[in-house]
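Dear colleague,

I am passing on the structure below, together with some notes on what I found in it. Please have it open while you read.

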Amino acid sequence: MSLSADELIEDLGRFVTESPSSYHAAEVTAQRLSAAGFTRLSEQQDWPAQPGRYVVVRDGAVLAWILPDDAAATTPLRILGAHTDSPGFKLKPKSTVISHGWVQAGTEVYGGPLLNSWLDRELRLAGRLVTRDGATHLAATGPVARIPQLAIHLDRQVNEGLKLGKQQHTTPVLGLAGSSEAAAEADVLAVIAAAAGVEASEVDGYDVVVADSQTPARFGAQHEFFASGRLDNLSSVYAGLQGLLDAAENGTGGMIPMLAAFDHEELGSASRSGAAGPFLEEALGRIYEALGATAAQRAQALAGSWHLSSDAGHAVHPNYSERHDPANRPLPNAGPLLKINANQRYTTDAPGAAMWAQVCRAAGIPSQEFVSNNDIPCGSTIGPITSTRLGIRTVDVGIPLLSMHSAREMCGVDDVAHLRSAAAAFFSAELTV
Ligand code: ZN
């Protein structure tokens, strides 16, 4: 089922569209793996000790792994780590706001979105609702909302520098409150509850985000670019998912391949489903206990393990080239980035760079380096967090984007195929480092 670059990008578009929230991303990943024979586990039950393929979801995070027939107490892991969340907006309590005849959705900013990129787009609501009976419902609407920009006639200075107040200027409109009946129809919670097939009055709690509704699309003189929301970081989740499916199909031995996609990276990862939380550590504890590992054997296994922390990075922006390092200038379609930072905002070190070089040679793909301009410190990833928690050797990589944290980011079509090939090679290659 090896997909061509064209098929992959189309499928990534589907994956992103089906994953408007982190909860959807985790669930869609688990469903695709279940369809390929992975067994869905619950954290509240015993986990089987025998070899097999397993997947477990915790809120907006998902772990999936293959326990090969030759797995033993000291068998190391190869973990591809990523995150399921993206910056944007989340519904506040009392989410229906009536203002000057309009119905608006009360929202809170989630993470660090490029606020201006969210203007004048038709937006969806998506997330999870918990009803009175305790059941969780994933739900997503079609286009129902928009954050309209002020007309230039009412703000003649706007092109001198747009200033958006996070509270005052980013509240989406969703309907008209002309009559009380119309207001009731446009009740924000009722809109998402209807998409879930439940009554709003039944909803006891919700985690609902706002997502762009525009279909992902290829563009460029040679159709070499891809525009979509949430490429940071569903591009990595998708590549890891495809790599794990390849490993399941082709067999694996001598290590435990694992996909670990966490929530809340955009907030710093500190949550029970974030990379700073215990999800991965607890799962590894259960896996190695099932293999009969002593604490020393488990430490031995982790010492021989690798974590490929994959998160989108930056291509050089031709209009702002002075913001980038003068020597390292990554471009789309020239391979994934190996992300390097002297201050450990990325984990990559010499052995890690060598491991990545071996993976890229095995995959037959190019790679390029990313490092920041000294005057503009870079962001960080889950890499330093998990390596600090678990001590597993970690390398930071990811595909280059422009417009990171925009409602609609862009990447190179070939880079998605490159990263998927790298993930497959990471899960199968003999490494000598
Ligand atoms: Zn990211």
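In which loop does Asp120 lie? Before turning to that, please keep in mind that this is a predicted model. Asp120 lies in the loop between β6 (102–110) and β7 (123–131), and its phi is near 60°, a positive value in a residue other than glycine. With a relative accessible area of 34%, Asp120 is partly exposed.

Gln344 also has a phi near 60°, again a positive value in a residue that is not glycine, and its place is in the loop between β16 (337–339) and α8 (350–363). At 44% relative accessibility, Gln344 counts as partly exposed.

The next point is the metal site. The protein donors of the zinc ion are His83, through NE2, Asp232, through OD, and Asp311, which is listed twice through OD, and these donors lie 2.0 to 2.7 Å from the ion. Along the chain they follow the spacing H-x148-D-x78-D. The site links distant parts of the chain, since His83 belongs to strand β4 (residues 77–83) while Asp311 is found in the loop between β14 (306–310) and β15 (313–314), 228 residues apart. Both of these residues are buried, His83 at 1% relative accessibility and Asp311 at 5%.

As for the geometry, why is the site of the zinc ion irregular? The angles among its 4 donor atoms run from 52 to 142°, and because four donors count as tetrahedral only if all angles lie between 85 and 135 degrees, that range does not qualify. For reference, the ideal angle for four tetrahedral donors is 109.5 degrees. I would read the site with the caution that water is not among the atoms, so sites may look incomplete.

One of the donors, Asp232, also takes part in an unusual backbone feature, which you may wish to inspect. The peptide bond from Asp232 to Asn233 is cis, with omega near 15°, and Asn233 lies in helix α5 (residues 231–250).

Finally, there is Ser309, whose place is in strand β14. Ser309 is buried, with a relative accessible area of 0%, and a polar contact of 2.7 Å joins its side chain to that of Asp396. Leaving aside residues up to four places away in sequence, Ser309 touches Gly81, Thr381, Ile382, Gly383, Thr394, Val395, Asp396 and Val397.

With best regards

Methods: Residues numbered from 1 in each chain as written. Predicted model: local features only at pLDDT ≥ 70, side-chain atom pairs only at ≥ 80, totals over all residues. Heavy atoms only, no water. Donors = N, O, S within 2.8 Å, 3.2 Å for Na, K, Ca; no water. Tetrahedral: all angles 85-135°; square planar, octahedral: opposite > 155°, others 65-115°. Helix = DSSP H or I, 4+ residues; strand = E, 2+ residues; numbered from the N terminus. Buried < 20%, exposed > 50% of the residue type's maximum accessible area, 1.4 Å probe, protein only. Polar contact = N/O pair within 3.5 Å; in protein donor to acceptor, adjacent residues only side chain to side chain. Contact = heavy atoms within 4.5 Å.
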